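Me: Please take me slowly through one part of this model, the strands and how they are put together. I'd like to know who neighbours whom, and what sits up against them.

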Amino acid sequence: MADLLLADLPVPCGTVVARTPVELADTETYRRELTGYCYRVLGSGFEAEDAVQETMVRAWRNAEQFEGRSSVRSWLYRIATNVCIDMSRQVQRRARPVDMGPASPPEESFLGPPLTEVAWVTPLPDAAATPETSDPAEVAQYRESVRLAFVTALQHLPARQRVALILCEVLRWRVSEVAELLDTTVAAVNSSLQRARATLGDLGGPVQAEPLDDEDKALLDQYVDAFERYDIERLITLLHDDAFQSMPPFAMWIKGAVDIGRWMVEPGPSACRGSILLPTSANGCPAFGQYKPDPDGGYTPWAIQVLEISGGKVTGMNFFLDFLDPVRLFPSFGLPLHVDG
């Protein structure tokens with residue numbers, strides 16, 4: 001493994017070659033892009049963070065052996081790829097509730113038991129991975145490539161196919177560079193790409209990410225107002241007729257604005273009445289930290305809401321409940337663990 005990790009690679013376009021091991025101190029400059037890469041491979045914001053940290057540790061541990069014949073960036077990607085492939089062997093394929101079965105009636109009896117965190121594609125804070133660029137095309141491409149639906153589709157691919165597709169199709173590496181990274185041939189990479197594209201084509205392919213316009217921003221303001229007042233009748237008018245709501249770690253999900261409205265006034269979910277929302281962003285989408293009233297005062301974390309918007313309506317409500325990982329979920333978004341009243 002050490003030989004594979006430390007092997008030199010050709011330099012991808014636009015990168016700077018490190019000439020001495022001392023320059024490995026610059027590895028932190030690649031943390032954001034590595035986080036986005038590992039997230040697409042692993043489908044978990046938590047695992048991506050862990051994978052990048054392990055990548056940095058391995059790089060620092062072996063810094064003296066880095067000869068500088070390839071770029072630091074190439075070297076880090078090779079380490080990160082091996083870390084991600086190793087981690088992919090340890091967990092089942094992650095999914096979204098909408099991929100696990102049909103929609104349920106809006107009745108609490110269908111909620112079922114919570115599943116473990118490893119079952120789910122979990123959200124990625126945009127602050128951890130959004131490219132530091134003002135180029136609208138690069139930002140749009142990032143948003144498309146981290147959408148929950150696309151990341152979930154990637155999980156259907158074997159790990160090495162996933163890596164090849166992400167590096168070639170998303171990050172625009174040359175096929176020859178990917179072949180070097182995976183220690184294989186150009187023909188083998190092209191074959192992997194062909195199979196990966198066919199699989200994703202059967203699944204429907206990526207969803208086009210539309211930038212938010214002024215109308216969408218007004219929609220979000222109306223959503224926050226309706227949700228915080230718990231005006232469900234008003235909230236329903238902001239949803240597309242075929243909108244869905246999911247609530248990992250529960251497999252249950254609901255389809256249709258009317259049924260979502262009914263669910264939100266069920267005895268259990270109506271406990272969300274009185275919540276407040278703090279804005280954030282995840283997976284290239286608008287998102288909110290939802291805080292429920294705390295019996296001891298103030299507000300306590302409940303869910304990260306990731307909203308999907310199209311055509312001036314909310315089309316998807318992905319509520320990642322805090323007990324997916326109560327220690328890490330809200331802090332990973334830079335959100336507090338308590339809000340004063």
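Reply: Quick bit of vocabulary first: two strands count as paired if DSSP finds at least two bridges between them. Bear in mind too that this is a predicted model.

With that in hand, here's the overall layout. Six strands make an open sheet, and reading across it you get β2-β1-β6-β5-β4-β3, with mixed pairing. β2 and β3 (276-282) are the edge strands, and each has a single partner strand, so one side of each has no neighbour in the sheet. Neighbouring strands are turned by 20° against each other on average, ignoring direction.

Let's start at the β2 end. Strand β1 (residues 239-247) runs antiparallel to strand β2 (residues 250-255), and 4 bridges join them. A hairpin of 2 residues links β1 to β2. Two of the matches are handy for finding your way around on screen: Met247 stands opposite Phe250, and Ser246 has Trp253 as its bridge partner in β2.

Now step across to the other neighbour of β1. Here the sense is parallel: β1 and β6 (residues 313-321) pair over 4 bridges. For a landmark, pick Phe244, whose bridge partner in β6 is Gly316. So what do the two senses have in common? In general, strands of a sheet pair through backbone hydrogen bonds, whether parallel or antiparallel.

Further along the order come β5 and β4. Strand β4 (residues 285-293) and strand β5 (residues 299-310) run antiparallel, with 7 bridges joining them. If you want a place to zoom in, Ala287 is bridged to Val306 in β5.

Something also lies against this sheet: helix α10 (residues 214-229) packs on it and touches β3, β4, β5 and β6. The direction of α10 makes about 145° with that of β5.

Next, the empty space beside the strands. The model has 2 cavities of 30 Å³ or more, and the largest holds about 50 Å³. Which residues line that largest cavity? From the sequence before the sheet you'll find Arg96, Pro97, Val98, Val121 and Leu148, and alongside them Phe244, Ser246, Pro248, Asn318 and Phe320. The elements that supply two or more residues to this lining are β1 and β6, the pair that runs parallel. Phe244, bridged to Gly316, and Ser246, bridged to Trp253, turn up again here as lining residues. As a general rule, side chains in a regular strand alternate between the two faces of the sheet. By class, the cavity lining comes to 7 nonpolar, 2 polar and 1 charged.

For contrast, have a look at the largest pocket, which holds about 480 Å³ of space. It has 19 lining residues, and those closest to its centre are Glu33, Pro131, Glu138, Gln141 and Leu171. The elements giving two or more residues to the pocket lining are α2 (31-42), α4 (72-88) and α5 (136-145). By class, that lining has 7 nonpolar, 5 polar and 7 charged residues.

To recap the sheet itself: β2 and β3 stand at the edges, α10 packs on the sheet against β3, β4, β5 and β6, and β1 and β6 help line the largest cavity.

Conventions: Residues numbered from 1 in each chain as written. Predicted model: local features only at pLDDT ≥ 70, side-chain atom pairs only at ≥ 80, totals over all residues. Heavy atoms only, no water. 1 Å grid on protein atoms, 1.4 Å probe; cavity = no way out; pocket = protein on both sides within 12 Å on 5 of 7 lines; lining within 4 Å. Points joined across faces, edges and corners; volume = space filled by probe spheres on them. Nonpolar A, V, L, I, M, F, W, Y, C, P; charged D, E, K, R; others polar. Axes fitted to C-alpha atoms, helices over the stretch in contact; angles between N-to-C directions. Contact = heavy atoms within 4.5 Å.
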